[in-house]
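Student: I'd like to take a close look at one part of this protein and see how it sits in the rest of the fold. Could you walk me through it once the structure is up?

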Amino acid sequence: MPRKPTCILIDDDSVLRGVMSSILRSADIDVLAESAHADNVIELVKQHHPRLVMLDINLPERSGLELLPEILKLDPPPKVVMVTAEATVDRVRTALGSGAAGFVVKPFTPAKLLAAVGHALGLDH
């Protein structure tokens with residue numbers, strides 16, 4: 001029996017993290033950890049080994065776009081879906097070109113979030 005997909009949520013908006021967590025759990029995805037800060041992202045990924053990281057671009061300490069290559073160097077590398085309210089063409093291009101598995105624009109519907117996650121994890125058959 002395959003293991004449930006696992007995820008870490010990184011977003012400085014606690015309300016949004018709660019919404020994402022609820023949506024993901026409703027789709028039988030385990031949310032292993034949440035953080036509002038860029039500082040501990042690498043440590044959380046090393047500790048929990050999630051299949052997926054939902055990563056906000058605009059974090060207080062650093063850009064999620066700066067963190068993306070560092071996350072993808074970890075072994076095993078998780079899939080990363082970028083989350084932002086400011087989806088410019090350059091940002092999307094940079095994120096996808098740097099290895100992001102998907103992109104979610106705030107505000108989003110549960111269906112859009114789950115579609116991006118499903119695509120990133122290969123769950124959309």
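Student: How many bridges join strand 3 to strand 4, and do the two strands run parallel or antiparallel?

Tutor: Happy to take you through this part, with one reminder before we begin: the model is predicted. Strand 3 and strand 4 are joined by five bridges, and the two run parallel. To find the pairing on your screen, look for Met54, which stands opposite Val81 in strand 4. Between the two strands the chain passes through helix 3, residues 64–72, and this β-α-β crossover is right-handed.

Let's stay with strand 4 for a moment. This strand covers residues 79–84, and five of its six residues are buried, so strand 4 is largely enclosed by the rest of the structure. On strand 5, residues 102–105, it has another partner: the two pair over four bridges, again in the parallel sense. Here the landmark is Met82, which stands opposite Phe103 in strand 5. The connection is also a right-handed β-α-β unit, made of strand 4, helix 4 (residues 89–97) and strand 5.

Now back to strand 3, residues 52–56, where you will find Asp56. UniProt lists Asp56 in an unreviewed entry under "modified residue: 4-aspartylphosphate", and an annotation of this kind may be inferred rather than shown by experiment. In the model, Asp56 has a relative accessible area of 2%; because the cut-off for buried is under 20%, Asp56 counts as buried. What is around it? Leaving aside neighbours within four places in sequence, Asp56 is in contact with Ile10, Asp11, Asp12, Gly64, Val83, Thr84 and Lys106. Two of these names tie back to what we have just covered: Val83 and Thr84 fall within strand 4, residues 79–84. Gly64 is also among the contacts of Asp56, and helix 3 spans residues 64–72. There is a polar neighbour to look at as well: the backbone nitrogen of Asn58 lies 3.4 Å from a polar atom of the Asp56 side chain.

Another strand residue worth a click is Ser35, which is found in strand 2, residues 30–35. Ser35 is buried too, with a relative accessible area of 6%. Not counting residues up to four places away in sequence, Ser35 touches Leu9, Ile10, Asp11, Arg17, Asn40 and Leu44. Ile10 and Asp11 therefore appear in the contacts of both Ser35 and Asp56.

For a view from a helix, pick Gly118 in helix 5, residues 110–121. Gly118 is buried, at a relative accessible area of 9%. Its C-alpha is 9.7 Å from that of Gly102, although the two are 16 residues apart in sequence.

Finally, let's zoom out. The protein chain has five helices and five strands, and along the sequence they follow the pattern β-α-β-α-β-α-β-α-β-α. The radius of gyration is 13 Å, close to the 14 Å that the globule rule gives for 125 residues, so the chain is as compact as a globular protein of that length. Its C-alpha atoms fill a box of roughly 40 × 30 × 25 Å along the principal axes. Of the 125 residues, 46% are buried. Among contacts between residues at least 6 apart in sequence, 62% join residues at least 24 apart.

Terms used: Residues are numbered from 1 along each chain as its sequence is written. This is a predicted model: local features need pLDDT of at least 70, side-chain atom pairs count only at pLDDT 80 or more; totals for chains, interfaces and linings use all residues. Side-chain values use heavy atoms; hydrogens and water are left out. Buried means under 20% relative accessible area, exposed over 50%, partly exposed in between (1.4 Å probe, protein chains only). Contact means heavy atoms within 4.5 Å. A polar contact is a pair of N or O atoms within 3.5 Å; within protein, one must be able to donate a hydrogen and the other to accept it, and residues adjacent in sequence count only if both atoms are side-chain atoms. Two strands pair if DSSP finds at least two bridges between them. A crossover is right-handed if, with the strands pointing away from the viewer, the path from the first strand over the helix to the second runs clockwise. The radius of gyration is taken over C-alpha atoms; the globule rule is 2.2 Å times the number of residues to the power 0.38.
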